[in-house]
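Student: I am new to this structure and would like to study a single part of it slowly. Please choose one strand and take me through its surroundings in one connected account.

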Amino acid sequence: MSRLRRDPRAEREAMRIAGGARPRFSREASLPVSARPRRDPRAEIEALLVPGGTRPRLDRLSRGGVRPVRDEATSPSESTVQTRIVTEPAFLVAVVPDAPGGRLTPLDRQLFGAAHLLAAGGGAVLALAEPGHDDLAGVGADRVGPLAAVADYDPEARAAAVAQALESLNIRHALFAETAEGGDLARRVAARLGEPLFAGAESLTPKLVTRPARGRRVEQRRAPPRLVSLVADSVAPYGGASCEARAVELPAPVPTTGAILSAEIILADPATVPLGEAEFVVSAGNGVSDIPSFLDLARALRATPGASRMLCDAGLMPRAAQVGASGTVLGATCYLALGIAGAPQHLQGITGCEHVVAVNTDLHAAMVERAGLAIIADAHAVMPALIAALEDEP
């Protein structure tokens, strides 16, 4: 920013001599100064440098060396946070999330995005969920209808509560997740209400819902019915302003006696679960040579063991445990990578993982960059420490 930018046209006009048939110029005339300053790239880079560290790092958030200054007198709630409020909705669109353990899955968040598509034009989105879930206002719930908590696995009681809420509030549409539990609940609710269910929808708009049929050779389409179950990645999650999440009172559930006397969920052995269906996967890479300790850690974490291609090629892990584009593409909730640098094929295999934890000695490894949480240490020192910490838990 030290030199000023030249303006050739203004300089030429300043040197013109008035009069005469032909244009004449005086080289002795003073040149005007342009008002636009000339950029100095070196000075701009110097202003963006972050102090400290052996390698140069730039702060791209600051433009031209000027960092944004937060006004301390204005609270974030007054300046940036906005809330969507629907005072008197014309109709309601209900979302029944799976939310295992009170935590919304990516598919649950996509259900709220689909609900907002159907609620366009004066409607509101109602979340029918048990108390103690994630922030429902942030994911797009205008209203929240708390369902009665069920102590044990009782699909009939939950289906009866959902069906009663849909009838009492006159819900226009109800969306379910097409999963093992969500799909079962949707079919039980449809049977109780005596209404058709459009199951396994892969696309949804306010006027059309579609799904494949006959081995994906044809496509079934129709106007959105009252009950719809969606598969994963059919609609984007809600990305608007935070919603009100106002509580709605639901009628007291009517006690019913179902045909199921007792039911429970039996967890499968993580060591025998296929990688593509595992929720928690721990993988070893070229930085792990103590395979018995790695398998002990997988058993202690109750995780499914995986491996990189290098370990499978070396015969240290079975080929079925290979993670990556040439092995198994994961959709796990959590992925723990031990000593894995992060080859492009391996990173392609964990694209669908929600949380990635990396243990590596290289701060600049691709897996460390992909991870949401990274431990810069030797995996052989971290594995026994984790096992000891798990054994100390009551």
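Tutor: Two strands count as paired when DSSP finds at least two bridges between them, and strands themselves are DSSP runs of E of at least two residues, numbered from the N terminus. With that in hand, please keep in mind that what you see is a predicted model.

The part to look at is strand β7, and its setting comes before its details. The protein has twelve helices and 19 strands, and buried residues make up 37% of its 394 residues. Among the contacts between residues at least 6 apart in sequence, 59% join residues that are at least 24 apart. Seven of the strands form an open sheet with parallel pairing, in the order β8-β12-β7-β4-β5-β6-β14. At the edges of this sheet stand β8 (197-201) and β14 (246-247), each of which has a single partner strand, so one side of each is left without a neighbour in the sheet. The partner of β14 is β6, and these two pair in the parallel sense over two bridges, with Val144 standing opposite Ala247 in β14.

Two helices pack on this sheet, and both touch β7. Helix α4 touches β4 (92-96), β5 (124-129), β7 (173-177) and β12 (227-230), and its direction makes about 160° with that of β7. Helix α7, residues 180-193, touches β4, β7, β8 and β12, and the angle between its direction and that of β7 is about 145°.

Now to β7 itself, which sits between β12 and β4 in the strand order. Four bridges join β7 to β4, the two strands running parallel, and within this pairing Leu175 of β7 is the bridge partner of Val95. Toward its other neighbour, β7 pairs with β12, again in the parallel sense and over four bridges, and here the bridge partner of Phe176 is Ser229 in β12.

Is β7 enclosed by the rest of the structure or left open to the outside? Residues count as buried when their relative accessible area is under 20%, and five of the five residues of β7 are buried, so the strand is largely enclosed by the rest of the structure. The side chains divide between two directions: His173, Leu175 and Ala177 point one way, while Ala174 and Phe176 point the other way, and all of these residues are buried.

One residue of the packing helix shows how the pieces come together around β7. Leu111 belongs to helix α4, which spans residues 106-118, and Leu111 is buried, with a relative accessible area of 0%. Leaving aside residues up to four places away in sequence, Leu111 touches Val95, Val96, Leu175, Phe176, Ala177 and Leu230. Among these is Leu175, the bridge partner of Val95 described above. Phe176 is a telling case, since Leu111 and Phe176 lie 65 residues apart in sequence, yet their C-alpha atoms are 7.3 Å apart in space.

The other helix, α7, adds a feature of another kind. Side chains of opposite charge can pair when their charged atoms come close. In this helix Asp184 forms a salt bridge with Arg188, the closest N and O atoms being 2.9 Å apart. Because they are four residues apart in helix α7, Asp184 and Arg188 are separated by about one helical turn. Asp184 is partly exposed, with a relative accessible area of 26%, and Arg188 is likewise partly exposed, its relative accessible area also being 26%.

A last comparison comes from the edge of the sheet, where β14 begins at residue 246. The side chains of Glu244 and Arg246 meet in a salt bridge, at 3.1 Å from N to O. Glu244 has a relative accessibility of 28% and so counts as partly exposed, and Arg246, at 33%, is partly exposed as well. Salt bridges that share partners join these two residues and Arg143 into one network. A search of the whole structure finds 14 salt bridges.

Returning to the chosen strand, you can now follow β7 with β4 joined to it by four bridges, β12 paired with it over four bridges, and helices α4 and α7 packed on the sheet that contains it.

Key
Residues numbered from 1 in each chain as written. Predicted model: local features only at pLDDT ≥ 70, side-chain atom pairs only at ≥ 80, totals over all residues. Heavy atoms only, no water. Buried < 20%, exposed > 50% of the residue type's maximum accessible area, 1.4 Å probe, protein only. Contact = heavy atoms within 4.5 Å. Axes fitted to C-alpha atoms, helices over the stretch in contact; angles between N-to-C directions. Salt bridge = Lys/Arg side-chain N within 4 Å of Asp/Glu carboxyl O.
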